[in-house]
Each structure stands twice: as structure tokens, then as C-alpha cells.
Amino acid sequence: MEKEEKLCVKILQTLREMLEKKDSFVEEGRTLRKILLNRYLKGDYGVGMNGHLVGTHSKTSQGGAGFSGQDSDKTGISVSDIQCLLDKEGASELVIDVIVNTKNDRIFSEGILLGIALLEGGNTQTQYSFYQQLHEQKKSEKFFKVLYDRMKAAQKEIRSTVTVHTTDLGSKKREEGSDLVPSGPRVRVRDSTLHLKEGVKGQLTEASSATSKAYCVYRREMDPEIDMMCPGPEAGSTEEKSAEEVTMSPAITIMRPILRFLQLLCENHNRELQNFLRNQNNKTNYNLVCETLQFLDCICGSTTGGLGLLGLYINEKNVSLVNQTLESLTEYCQGPCHENQTCIATHESNGIDIIIALIVNDINPLGKYRMELVLQLKNNASKLLLAIMESRHDRENAERILFNMRPRELVDVMKNAYNQGLECDHGDEEGGDDGVSPKDVGHNIYILAHQLARHNKVLQQMLKPGSDPEEGDEALKHYADHTAQIEIVRHDRTMEQIVFPVPNICEFLTRESKCRVFNTTERDEQGSKVNDFFQQTEDLYSEMKWQKKIRNNPALFWFSRHISLWGSISFNLAVFINLAVALFYPFGDDGDEGTLSPLFSALLWIAVAICTSMLFFLSKPVGIRPFLVSVMLRSIYTIGLGPTLILLGAANLCNKIVFLVSFVGNRGTFTRGYRAVILDMAFLYHVAYVLVCMLGLFVHEFFYSFLLFDLVYREETLLNVIKSVTRNGRSIILTAVLALILVYLFSIIGFLFLKDDFTMEVDRLKNRTPVTGNHGVPTMTLPSMMGACLKENCSPTIPASNTADEDSEDGIERTCDTLLMCIVTVLNQGLRNGGGVGDVLRRPSKDEPLFAARVVYDLLFFFIVIIIVLNLIFGVIIDTFADLRSEKQKKEEILKTTCFICGLERDKFDNKTVSFEEHIKSEHNMWHYLYFIVLVKVKDPTEYTGPESYVAQMIVEKNLDWFPRMRAMSLVSNEGDSEQNEIRNLQEKLESTMSLVKQLSGQLAELKEQMTEQRKNKQRLGFLGSNTPHVNHHMSPH
């Protein structure tokens, strides 16, 4: 039987080793690991010099013992996949059977540890398998009875040994009283130098464990009889736990893995298993939630009245068990699970008082030499109280916590934690200190106090900075500045307030980005800005990470911080350069800039000195312009205009490059990929600006004129002017095409019927060769043509061509001899003259036969083209500009009078307990929602609270229903809303009552069946009993 037990232990250990994950390697450690594997194990884990040993050790490594931290580079299988694979093969069923059936403590411990390995990380598939095995296959009663008995045995063992521990602690306190220095943080910093860092200690432990296992495997191969002499898989951690195991009996030490196993069953807020731990719906229910609280009450000594003497019961040996108990209780409640919250809050034991005492009391002597352990206790205790109040709409649990808590003690604890954090920060400058940060612990206690303050006005007043004339106001101000609150909407449309610590990375969000997002976020069809704001959160988070990274580069950070200054300098330089070009171009040696008298020269030097000093006293945009003007004038009259422009151009180019570096530094442009760089129009604009500066400096000064378009980029009003043309560009283009069609039709009519009327006066340039007429025929003067007519006895009528020649000589030309010339004339002259094309045509006489047609032609062109078509184009542009202006005004009004998140207007908060300013600052602050999204991204998913899990899932689904729309909790004080809340609470109670009635009905039906079966059995036995004497009577004569 002993060999079978050894084999069972070995099997359980092997299964657990498959699931072990060592993630303590950093990048350098992974690189070193690969080098060592390639050097000693031939890279592919092939057979080396020691053949079988190498192969066996490689299997052990793959199982997770030695270098199993990052085996994904060989197999590509994650721990979660291995968990699911083992669960599919029946590992969860094996764990339950081992726990239920074994009597061996070692096998039981290995079974619990295997269950922990299967559930590590909150594997939902494994959790479901455990629930299915326990619930559907009716194994829960025996399973929970074993765990319940273990908890009872541990409590009995603690009660029987508590006086011994008290005596030991008292003697230890007397012995160490003369050695320890009273200052806690200073002693802790001193002792921290004697301990190895956790990372180094973990790597040494892994190395020793791998070495011992490899040696053990080799010894087993050589001599199978020495199996028990080899260290187990926990050899690396045995030394760490040896002290605890020496002083604590196995009945108590087994509680830590049991509680960890129960915690992992409820990980990720598994509602079914949370309720299942409390009520299994069996004939005999085992409430492990209350039993865990009872265990906490027992291990902290409250059963002997030691509430104020926690240090006598909590020591370095059992503090990890107390922490695990607090973490398990926290996981029972989060989600929230209201039934478990009520169960813990209303339990008859002193559990709640113990949790409060862990927060507000000093735990000495443990706090004198291991303050980090005490801080961890206070941190877990505060998280547990927050979990008990999580997502509660009533006051019961909060009032139960406040019943035995003095507000002054809670505030003093957070202030002391803040002061300890400051001392640790000073100590970290000399030598680092491992463990939880005291400031973080104080922050969690502050959030707990903030939640309780809604039910206690005294505590609410104490939390306000400045309310306490004594020291500690700095701590309250620090925590208030780094704490945010939001309101979210749950699936059942109920609203919930969340108070959370602002992640440190959020401090790196720049003011420019905040202004840009606030002013440019667009509203969707429902009038909400949340959709556009949510789409920008990923870019803002990337910007935070980039800003945090550039803080390590002081030069880049300094340039990025003054980006607005570089932009102002660049624009002013561009203006002054173009003024110099406009006033003095072309640049020659003719002394355009003139000379100055000595008096004016001295005054100019004084002006330069005064403007330079103004840079240090006035604001930067105001002081830059006088400084640049004075320096430019001084340089023009000192070194000349040409060199001054070169210097100004070079300065502008350098400044713009600095601006571009600052822009990239602020936005982190190159960290978002090449596609984002190409599509970033702002970045491309600034690159084009740099290219224009280079062209102006090295090619020609006229390129500087393009820099003035920066005014359009900087001013929103000018952008609206440009948008007034581009927004409805399609309508304008189509209207212009209609105008061209009409011009074309009028040109055809003019070419066919009014060709002689298309004459215009022209002004010819002098000293040019005679102009040739059509087809290269030389133009003749009027006297020579008349003489030729007299000689040839021709008609006195002048031909049209000759008339055209005469008109050309007199400055008059025909402009409609071809259809193309007609189109050009009508298009050019007709659209540019106020009266249309009739203003430039020949003025006809009323006696001409085409006079009426000419009048109709001119009027039609004037009314159709000039009045209707052109005004259509102008009207589209003007209306667009008016719309843009009204949109801008409406946008500004919305920003001032509407909540960014919920969309409620200012008038909704009139005569309410909360003003609109308080609402947008504290209740629905848009940046608090961004900070919460960042918190969900940076926080470990296994550490999520219930609301954080809910929001994280909604973010993954890109579902924005968790944002409040047209709702606020401060406005729920209306009667209708309060009635709805009451109705909702009644519905919940009714549903719980119906489920209870259903359970009772099922139990009654089962009891009825049992009674019926018993009645049948009695009748059957009675019938058989009545027949037996008769049979015996007939058989007696024989």
C-alpha cells in the first residue's frame, strides 16, 4: 500500500509539473536560457554525451520544473491550453476523487495543489468542469464535507495552540525589544540590504530546484531503491517554508492551499461557484463562505477576546495564511455576489471586526521588523471591505462596517501610510526596497473611506483637505488628486458609481492633447460624443506610454514641453521674413536699407537690450515679437539685408525642425507604424513646411511667401473660410459646369447671328512689327485702301476684312471670327462685367434689324448667367460659411452647457443638490472615464473588481452601453426613479423567494416520494409477516 501511495503522489506531482509556469525571467534571462540550452542540451534536446540523462532532464524541463518558464518557443502551447487539455482528459475529476476518497495527508495536499495548477489564472473551462462534476454528478456533499472538516480541524488546532504562540511571541517581543530601533521604516530599509531581491532569490531557487531534480532523476535511474531519498518537486521552496512548517501543524498549513483552491474556483467572478460555496442545495449544506470567515476570526485570536492584541496572534509564520484568507473572502464577494456579501456582513462571529482591526490597529511586534507584511495585510483587508460593499444600493453593509469603526482612526491610518511612503521614497534613492508601496496601501484605505463617507457625514468632513488643522493635509490632498470616480450603466440598466485610483501613467497625458480632444471630438447621430471619444482612447493611451518613455530623455522632453513656443517663433519669423522681402526686394548694392545716424544706432541697441529683457518678464508670445523686430532691424543696419535674410531663414529652418521633433515627441508618431505616419496630415503638413523653408533658404526668397499660409492652419476662422468652399465643393462645381454650358450656348448664338457686334478696343504695345491679319495678309491703312478703290473704280462699300483692318489700326479688334474666340470672349468678358456680355459688345442702333434680338440676348445673359447662376455659386459659399459659423457657435455652446459624457444640459441641474459644474468635474469627468479605461488596460485581469470585469468585457466587444446616456445618479432623487429602484429591488427579492420556493417544492416532492416508498415497503413487509405463521402452521406436522 505504501508503494501505491508513492505512485499516486508521483503521478499528481508530474501532472502539476506540466502546468507550472516560471515567469521570473527577464529578457536577458531568456537569452541566457537559450544559450545554455543550446550549449548543454544540443539545442534540440537531443541525446548528448550522457544520453539518457539529457533526454530525461529535457522532459523534466518541459514539465515545468527547471527552465520551463518560457517553453512556448519550443512547443507554442500556453499554460491555459495545457490546463484545458488535462481537464479534457479528466484531471478535474481526478482532483475531486482524490480529495473525497483519500485518507493520506500527502496525497490530499498534492491533489489540492494539482487543482490549484489547473485553475491558475482563472481558467473558465476548468471552473465549469469542476462545477459540472460537483453539481450535476452529485459529488458536492462529500467534497465540501471534506473541506469543511479540514477547516474545523484547523480551527480546533489553532484554539489548542494559541496560548503557546502567545507565550512565544511575548518572549520574542521581550528579547527583541532591546535590539530593535523604534523607527519602523528605517529598520526595514536596514534589514532589506541583508535579503536578496525577490527576482534573484527566485532564479536561485529555480536553479537549485532544477539541479536537484536532474540529480534525483539520475540517481533513480542508477538505483530505484532510493526513491524516497530524493527531494520532491517543492524542494526549492521547502527551505522557505521550513520555519513555518516547524511551528505550525500540518492541519493548519494545509489551509493555505485549500483557501487558494477555493479562491481560484471563484476567480473572474464565477457567480455559480460563488453561490455554490455557500449553498449546495443538498440535504446537508456546508457554508464554506461563513466557515472561511470563522477561520479568519479564529486565527486572529478573537475567540479569546484579543481584538486589540492582533500582534499576539499574527506573526511572521502565519501572516501569509491570514493574507490568503482575506484574498479568498474577497474573491467570494466580488462580481458582485450580494448573497455572499450579506453572509459575511451579517455573520454572528467577529469577522468584520477583525477585518476592521487589521486596518486601523498596529500589528506589533511584526510591524517593527517586517512592515511590508503588515502593509500587505492592511491592503488585503481594505480590499475585502470594498468587496463587501461593491455594487450595493443599500446602506446595510456600510452601516455594519461603520458600527465599530471610528472615522478618526481610519483617517490616521491613511496619513501614516502616506508618511511611510515618503520615507520609503527617500530610502529608495539610496537602496531599493521590495514589497507593496505604503502609498498604495494608504490609497486603498482612502478609497474605502471615500465609499464609507457617503453614509457618514463626520468621515465625509474629515476627508476634505484643509478640514484638519493638524498635519496630514498633504496626504488627503495627494489622495484626492489621484482618485477619480465615474458612473457606469449595468446590463440591467441600473447605474453604479465607481471610485478608483488614477494610474500613474495618466500623469503623462499632455495639456495640448486634452485641449485637442475636448475641442475636436464630434457628435454622432444621437448627439453623443462618446463614440468618437472612445475611438481616440487607444491613441491617447499610446501617447501616454510614449510620453513616459521620453521622460528618460531630458532634451527631447524639454523640446516637447515647449512645442507651442516653437510654433509661435516659427510663425513670427515667417511674417518678418516676408516683410523684409516685400519692402527691400530686389536686394542689390544700391543701399536700399540706407544708413543710420549714431543716435538712432544707439537707440536701436538700447531697444534690443530692452526687448531681450522683456523675454524674461513678459509672457512668451508677447515678448517674442518685439525681440525679433529689434534684432532684425539691428542686423539689417549692421550686416546688411542679404545676410540678415539668410540668418533669419536659417533660424526659421532650425526652429521648425525643433518644432517637428517636439511634435513627434508629443504624439509618438513613429511608434504607430508607417501607415499611421502617412495618414497623419498634421505631420505631413509640418514636413512640407520644413521643405518650403529649405527652398526659401537655398533656392529663392519668394518661396517664403508660402509660409504665410500657416495663418490658415493656426486660425479656425480662416479654416472655416476655406471649408465654406470645399465642404459643398460638388455643388459649386456642378453649378460652374452649368454656367459653362450656358456660356457655350450663348457663344454659339453670338457666332451665328451677332458676329459683327463682337468688337473690343485694345491697347497695343508700341515698337512692334505690323500686325498681320487673318491668314497672314498684311493690314492696310484706310487712305491706301481708298486710293486703290478710286483707281479700280470699285464700290464705295468697305469690305468687312478691310473694316477689321481699320478697326485694328484704330485699337478695335473683332473677337468672334471663330467659335473658340466667341467662347473665350463670352467667358472672359461676360462673367467679369456686372451687366454681362452686353457691356463689351458694340452698341447697336435702334434702326438695325437685329436690335430687338440683341436686347433679348443681353437681357437673357444678364438674368440667367449673372443674376441666377453666379449668385447660386455665391449663395452656396455664403450659406456654407454661415452654417460653419453657426456650427462653431453651437459647438462652443454645447461645450459650455452640455455634459460631454451623458449629454445632459445645464438646465437639468437647476435647483438640484449637484450643480452642473460639480457634475462635469466629479461625476461625469471625461478624463476620469479615460483613466478608468487605462486602468483596465494596465491592471492584471485576475485582480479585477466586478465593475472592472464588466467594463473590460464591454471594451473588448466595443460596446458603449456602459456609458450613461442622458442619465446621472445625482438626478435619480426624483420620485419616479426612486420608485423604479424600489420596484427593481422588490423584483429581485421576489425572484429569490420564487427560487427558494422552487427548491422547497423539489425537496417536498422528494420527501413525498421517499415516504411513499417507505409506506410500500412497510405494507410489503406486513403482508409477508402475516403469511409466515400460516405457512409454518401447515408445515409443522411434517
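Leaving aside neighbours within four places in sequence, which residues is I99 in contact with? Keep that in mind while you look at the whole chain; we'll get there at the second stop.

**Stop 1: the whole chain**

What you have open is a predicted model. Show it as a cartoon and you'll be looking at 47 helices and 4 strands. There are 1038 residues, and 42% of them count as buried. Now think about who touches whom: among contacts between residues at least 6 apart in sequence, 74% join residues at least 24 apart. If you turn on the surface, its accessible area comes to about 57800 Å², with 58% belonging to carbon and sulfur atoms.

**Stop 2: I99**

Select residues 91-101. That's helix α6, and I99 lies in it. I99 counts as buried because its relative accessibility is 0%. Show the side chains around I99 and you can settle the opening question: its contacts are F108, I112, F143, V146 and L147. Next, pick G111. It sits 12 residues from I99 in sequence, yet the two are 6.4 Å apart, C-alpha to C-alpha.

**Stop 3: some cysteines**

Select C816 and C822. A disulfide joins them, with an S to S distance of 1.3 Å, and both cysteines are buried. In general, a disulfide is a covalent bond between the sulfur atoms of two cysteines. The count for this model comes to 1 disulfide.

Now jump to C298. Why is there no bond from C298 to C300? The closest cysteine sulfur to that of C298 is in C300, but it is 9.2 Å away, so it is too far for a bond. C298 counts as buried, at 2% relative accessibility. C899 is in no disulfide either; the nearest cysteine sulfur, in C902, is 3.4 Å away. C899 is buried too, with a relative accessibility of 3%.

**Stop 4: a nonpolar patch**

Select F851, V855, L859, F863, I867, I868 and L872. Together they make a nonpolar surface patch of about 570 Å². Zoom in on L859, which lies in helix α43 (residues 851-897). L859 is partly exposed, at a relative accessible area of 45%.

**Stop 5: unusual backbone spots**

Most residues other than glycine have a negative phi, and most peptide bonds are trans. Here are some exceptions to click on.

- G335 and P336 are joined by a cis peptide bond, with omega about 0 degrees. P336 is in the loop between α17 (319-333) and α18 (338-345).
- N364 and P365 are also joined by a cis peptide bond, with omega about 10 degrees. Find P365 in the loop between α19 (351-360) and α20 (366-369).
- N268 has a positive phi, near 60 degrees, and lies in the loop between α14 and α15 (271-278). N268 is partly exposed, at 33%.
- H269 has a positive phi of about 60 degrees and is found in the loop between α14 and α15. H269 is buried, at 13%.

**Stop 6: how far to trust it**

Colour by pLDDT. The chain averages 77, and 75% of the residues score at least 70. Which elements have the lowest and the highest mean pLDDT? Helix α3 (residues 52-63) has the lowest, 36, and helix α14 (residues 255-265) the highest, 94.

Now select residues 223-246: pLDDT stays under 50 there, and the model has 24 contacts for this stretch beyond four places in sequence. Over residues 789-804 pLDDT is also below 50, with 8 contacts beyond near neighbours in sequence. Where pLDDT is low, the predicted coordinates should not be read in detail.

Key: Residues are numbered from 1 along each chain as its sequence is written. This is a predicted model: local features need pLDDT of at least 70, side-chain atom pairs count only at pLDDT 80 or more; totals for chains, interfaces and linings use all residues. Side-chain values use heavy atoms; hydrogens and water are left out. Helices (H or I, at least four residues) and strands (E, at least two) are DSSP runs, numbered from the N terminus. Buried means under 20% relative accessible area, exposed over 50%, partly exposed in between (1.4 Å probe, protein chains only). Contact means heavy atoms within 4.5 Å. Accessible areas come from the Shrake-Rupley method with a 1.4 Å probe; for residues, only the protein chains shown count as cover. A disulfide is a pair of cysteine sulfur atoms within 2.5 Å. pLDDT is the predictor's confidence in each residue, from 0 to 100. Patches are made of residues with over 30% relative accessible area and no salt bridge: like charges are joined within 9 Å, nonpolar side chains (Val, Leu, Ile, Met, Phe, Trp, Tyr) within 5 Å. A salt bridge is a side-chain nitrogen of Lys or Arg within 4 Å of a carboxyl oxygen of Asp or Glu.
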